[in-house]
Amino acid sequence: MFTTSALSGDKPEQYAQLVAQARGLLDGERDRIANAANLSALVSHALPDLNWVGFYFYDGEELVVGPFQGLPACVRIPLDKGVCGAAASSRRTQRVADVHAFPGHIACDAASRSEVVVPLVHGDALIGVFDLDSPIPDRFDADDQAGLEALARVYVEALA
């Protein structure tokens with residue numbers, strides 16, 4: 001049985017602990033839906049000031065909502081729309097301090113003020129994106145981005 005433990009230390013140390021927990025949680029499981037569901041729940045409960053944590057999967061044309069924690073979400077996102085679309089099409093993490101200032105932002109939850117989206121790429125193949133929203137402006141910093149990118153790598157590695 002998996003057991004979470006409280007995170008301690010500074011932010012990089014907390015993310016290192018969260019990455020270790022994620023490795024344990026996903027160890028031996030290759031199903032993308034099961035792993036996305038569990039990772040969403042783990043991160044949602046571990047990190048403060050989030051109102052949405054989840055996955056969108058690339059279906060060859062657009063992003064389609066996958067497992068998440070939070071209010072109901074937009075189901076489909078074109079690659080040329082919003083923060084998720086920008087992360088998917090550029091294959092670069094998007095960290096947005098104020099989503100209302102982001103051109104083409106898609107407001108799935110009106111309470112969201114900041115967002116970070118990490119693309120999920122295996123080799124040259126786009127799998128989807130790992131998306132986190134917060135009701136706090138400028139909630140995510142460089143330490144969050146690095147930690148969330150590490151968690152995304154754990155997720156992608158588990159699928160291989």
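User: How many helices and strands does the chain have, and how do the elements run from the N terminus on?

Analyst: Helices (H or I, at least four residues) and strands (E, at least two) are DSSP runs, numbered from the N terminus. In this predicted model, the chain has 4 helices and 6 strands. Their order is α-α-β-β-β-α-β-β-β-α. With a radius of gyration of 14 Å, close to the 15 Å that the globule rule gives for 160 residues, the chain is as compact as a globular protein of that length. That radius is taken over C-alpha atoms, and the rule is 2.2 Å times the number of residues to the power 0.38.

User: Before we go on, what should I know about the numbering and the confidence limits?

Analyst: Residues are numbered from 1 along each chain as its sequence is written, and side-chain values use heavy atoms, with hydrogens and water left out. As the model is predicted, local features need pLDDT of at least 70 and side-chain atom pairs count only at pLDDT 80 or more, while totals for chains, interfaces and linings use all residues.

User: What share of the residues counts as buried?

Analyst: Buried means under 20% relative accessible area, exposed over 50%, and partly exposed in between (1.4 Å probe, protein chains only). Here 46% of the 160 residues are buried.

User: Which helix is a good case of burial, and what covers its buried residues?

Analyst: Look at helix α3, residues 82–90: 7 of its 9 residues are buried, so the helix is largely enclosed by the rest of the structure. Those buried residues are G82, V83, C84, G85, A86, A87 and A88. Their cover includes β1, β2 (62–70), β3 (76–78), β4 (94–96), β5 (114–122) and β6. Just after α3, R91 has a positive phi of about 60°.

User: Where else is phi positive in a residue other than glycine?

Analyst: Try D138, with phi near 55°. D138 sits in the loop between β6 (125–134) and α4 (142–159) and counts as exposed at 53% relative accessibility. D49 is another case, with a positive phi of about 60°. Its place is the loop between α2 and β1 (52–58), and D49 is partly exposed, at 45% relative accessible area.

User: How do I read the surroundings of a serine such as S40?

Analyst: Start with the helix itself. An α-helix has 3.6 residues a turn, so residues three or four places apart point the same way. S40 lies in helix α2 (residues 32–46), and is buried with a relative accessible area of 0%. The side chain of S40 reaches the backbone oxygen of A36 at 2.8 Å. Contact means heavy atoms within 4.5 Å. Not counting residues up to four places away in sequence, S40 touches V53, G54, F55, P67, F68 and Q69.

User: What does V53 touch in turn?

Analyst: V53 lies in strand β1 and counts as buried at 1% relative accessibility. Leaving out residues up to four places away in sequence, V53 touches S40, V43, S44, F68, Q69, F130, D131 and L132. The C-alpha atoms of V53 and V117 are separated by 9.8 Å, although these residues are 64 apart along the chain.

User: What part do residues far apart in sequence play in the contacts of the chain?

Analyst: Among contacts with a separation of 6 or more, residues 24 or more positions apart account for 52%.

Definitions and conventions: A polar contact is a pair of N or O atoms within 3.5 Å; within protein, one must be able to donate a hydrogen and the other to accept it, and residues adjacent in sequence count only if both atoms are side-chain atoms.
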